[in-house]
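Hello! Here are a few notes to read alongside the model, starting with a helix pair and moving on to the cores.

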Amino acid sequence: MTKIIGLTGGIGSGKSTVAAYIASKGIPVYIADEAAKKIMNRKSVISEISVIFSENVLDEKNKLDRKKIASIVFNNPEKLKELNTIVHPKVKKHFLNWLKRHRNHSFIIKEVAILFETGGDKDCDAIILVTAPEELRIQRTISRDNSNEVSVRERIKNQLSDKIKKKSSNFIINNVKLENTLFEVDKIIETLKNS
């Protein structure tokens with residue numbers, strides 16, 4: 001039975017770097033955000049999502065304007081819930097099909113930014129949490145997304161705190177120095193291979 005190892009971390013923690021490094025070791029890594037983006041580009045899903053918003057959420061190419069949607073749902077929990085009701089079951093189905101194709105591996109990594117917030121942690125056999133000091137996370141996100149400090153702090157505030165996530169995580173990586181992080185990841189991979 002293939003074990004599902006959840007990989008999560010707040011914005012700017014560096015979980016994508018960790019995911020890419022694990023994938024470079026030949027371990028299958030499922031990136032839930034990327035899957036969701038692909039699913040949200042399907043014509044049928046675009047029409048389903050368009051219906052729940054009163055304003056136009058399509059760009060000039062008739063694709064979903066993700067930035068516009070994000071700004072709407074950011075302050076509207078009801079709309080976010082409606083959106084998740086459409087997208088999450090499709091991502092879950094997509095993941096289960098992907099999992100079938102990788103069942104010859106003893107474990108796979110499922111990278112989900114909001115693993116705990118969506119209850120996805122319950123489907124994992126173990127969880128790796130990537131953390132970093134808040135100021136460092138803010139700096140990373142500003143330079144990566146070209147955003148400003150106020151919006152990054154808002155996004156951090158909207159995510160579950162690391163303190164809460166740590167209580168339910170099996171492995172915690174404090175991602176400050178890359179070489180230390182990769183060393184930690186190697187140790188975790190060894191542990192998972194031998195468990």
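**Notes on helix packing and cores**

1. Ala32, Ala35, Ala36 and Ile39 in helix 2 meet Val87, Lys90, Val91 and His94 in helix 5, where contact means heavy atoms within 4.5 Å. By class, the residues of this contact are 6 nonpolar, 1 polar and 1 charged (Ala, Val, Leu, Ile, Met, Phe, Trp, Tyr, Cys and Pro count as nonpolar; Asp, Glu, Lys and Arg as charged; the others, Gly among them, as polar). Helices are DSSP runs (H or I, at least four residues), numbered from the N terminus.

2. A word on the source: this is a predicted model, with local features needing pLDDT of at least 70 and side-chain atom pairs pLDDT 80 or more, while totals for chains, interfaces and linings use all residues. Residues are numbered from 1 along each chain, and side-chain values use heavy atoms, without hydrogens and water.

3. How do helix 2 and helix 5 cross? Their axes (lines fitted to C-alpha atoms over the stretch in contact, with angles from 0 to 180 degrees between N-to-C directions) come within 10 Å and cross at roughly 115°. The two helices are therefore roughly perpendicular (65 to 115 degrees).

4. The largest nonpolar core (buried nonpolar residues joined through side-chain atoms within 4.5 Å; buried means under 20% relative accessible area, 1.4 Å probe) has 30 residues, of which Ile49, Phe53, Ile69 and Leu83 touch the most other members. Helix 2 (32-39), helix 3 (43-52), helix 4 (66-74) and helix 5 (77-101) each give two or more residues, with the largest share, 7 residues, from helix 5.

5. Beyond its neighbours within four places in sequence, Phe53 contacts Ile69, Ile72, Val73 and Lys79. A second, separate core of 19 residues includes Ile5, Ala19, Ile188 and Leu192.

Terms used: Buried < 20%, exposed > 50% of the residue type's maximum accessible area, 1.4 Å probe, protein only. Parallel < 35°, antiparallel > 145°, perpendicular 65-115°, else oblique.
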